[in-house]
Amino acid sequence: MIEITSFLTVAVVSLIATSVVVSLYSLGLRLLVTAGRAPVVEPLEFTGAITVLTPAQAAKEAKRARKAAAANPLTPVQKRIALIGAYACFTLTGFAVLYGIFLIVPALHGG
C-alpha cells in the first residue's frame, strides 16, 4: 500500500528542488550574458542532427554576440559583479545536484 503523505512529500520536495536548480542555472546564464560573456557553442555535425549551423551562420552568431557585448552599458565593476554572481549560481546549482545524488546513493545501498 502506498503511503499518500510520503508520496506527496516526495512529490512536493522534488518540484521545489527542480525549481531551485532550474532557477539558479537560469539566473547564472542571465548574469553571464549580462557580464558580456554570452556562451557561444560551436555547432557540431553529427548524423541525425535536426539542424546544423553552417560556418557562415556560426560566424554571424559569434559576431552578434561580440556586438551585444560591446554595447553593454555596464561598467567594468558591474560586469565583474555579474560574472561573480553567475559563477556563484552555477556553483550552487552544482552543489544542489550533488546533494541530491548524496541523498539517493545511500538509499540504493540499503542505508
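Here a colleague and a modeller talk through how to read a predicted protein model.

Colleague: I have the model open. How many helices and strands does the protein have?

Modeller: Keep in mind that this is a predicted model. The protein has three helices and zero strands. Walk along from the N terminus and the order is α-α-α.

Colleague: How much of the protein is buried?

Modeller: Of its 111 residues, 12% count as buried. The cut-off to remember is that buried means under 20% relative accessible area, while exposed means over 50%. The accessible surface of the protein comes to about 9100 Å², and 71% of that belongs to carbon and sulfur atoms.

Colleague: Let's take helix 1. What span should its 31 residues have?

Modeller: Count 1.5 Å a residue, and helix 1 should span 45 Å. Its end C-alpha atoms are 44 Å apart, which agrees.

Colleague: Which residues in helix 1 are buried?

Modeller: Leu24, Gly28 and Leu32 are buried there. Now for the general idea. An α-helix has 3.6 residues a turn, so residues three or four places apart point the same way.

Colleague: And what follows helix 1?

Modeller: Look at Gly36, which comes after helix 1 and has a positive phi, near 85 degrees. Gly36 also turns up in a link across the chain: its C-alpha atom is separated by 7.8 Å from that of Ala70, although the two are 34 residues apart along the chain. Ala70 sits in helix 2, and with 67% relative accessibility Ala70 counts as exposed.

Colleague: Next, aromatic rings. How is a pair of aromatic rings described?

Modeller: You give the distance of the centres and the angle of the planes. This structure holds two aromatic pairs. One of them is Tyr25 with Phe90: the centres are 5.5 Å apart, the planes make 50 degrees, and the pair is tilted.

Colleague: Why does the pair of Tyr25 and Phe90 tie together parts that are apart in sequence?

Modeller: Tyr25 lies in helix 1 (residues 4-34) and Phe90 in helix 3 (residues 76-108), so the pair links parts 65 residues apart in sequence. Both rings belong to partly exposed residues: Tyr25 has 43% relative accessibility, and Phe90 has 23%.

Colleague: Which residues does Thr93 contact, leaving aside its neighbours within four places in sequence?

Modeller: Thr93 is in contact with Val21, Leu24 and Tyr25. So Tyr25 appears again, both in the aromatic pair and in the contacts of Thr93. Thr93 itself is in helix 3 and counts as buried, at 9% relative accessibility.

Colleague: How far apart are Ile84 and Leu32 in space, C-alpha to C-alpha?

Modeller: The distance is 8.8 Å, yet the two residues are 52 apart in sequence. Ile84 is in helix 3 and is exposed, with a relative accessible area of 51%. Leu32, by contrast, is one of the buried residues of helix 1.

Colleague: What share of the contacts join residues at least 24 apart?

Modeller: If you take contacts between residues at least 6 apart in sequence, 78% join residues at least 24 apart.

Colleague: Now the charged side chains. How many salt bridges does the structure hold?

Modeller: One. The side chains of Arg64 and Glu61 meet in it, 3.2 Å from N to O. Both residues are in helix 2 (residues 55-70), and because they are three residues apart, about one helical turn separates them. Arg64 counts as exposed at 57% relative accessibility, whereas Glu61 is partly exposed at 34%.

Colleague: One more thing to read, the surface. Which residues make the nonpolar surface patch?

Modeller: Leu92, Phe95, Val97, Leu98, Ile101 and Val105 make a nonpolar patch of about 550 Å². Take Leu92 as your example: Leu92 is found in helix 3 and is partly exposed, with a relative accessible area of 47%.

Colleague: So what should I look at again in helix 3?

Modeller: Try three residues: Phe90 for its aromatic pair with Tyr25, Leu92 for the nonpolar patch, and Thr93 for its contacts with Val21, Leu24 and Tyr25.

Technical notes
Residues numbered from 1 in each chain as written. Predicted model: local features only at pLDDT ≥ 70, side-chain atom pairs only at ≥ 80, totals over all residues. Heavy atoms only, no water. Helix = DSSP H or I, 4+ residues; strand = E, 2+ residues; numbered from the N terminus. Buried < 20%, exposed > 50% of the residue type's maximum accessible area, 1.4 Å probe, protein only. Contact = heavy atoms within 4.5 Å. Areas by Shrake-Rupley, 256 points an atom, 1.4 Å probe, with all protein chains shown as cover. Phe/Tyr/Trp six-rings, centres within 6.5 Å; stacked < 30°, edge-to-face > 60°. Patch = residues over 30% accessible without salt bridge, like charges linked within 9 Å, V, L, I, M, F, W, Y side chains within 5 Å. Salt bridge = Lys/Arg side-chain N within 4 Å of Asp/Glu carboxyl O. Expected span 1.5 Å × (residues − 1).
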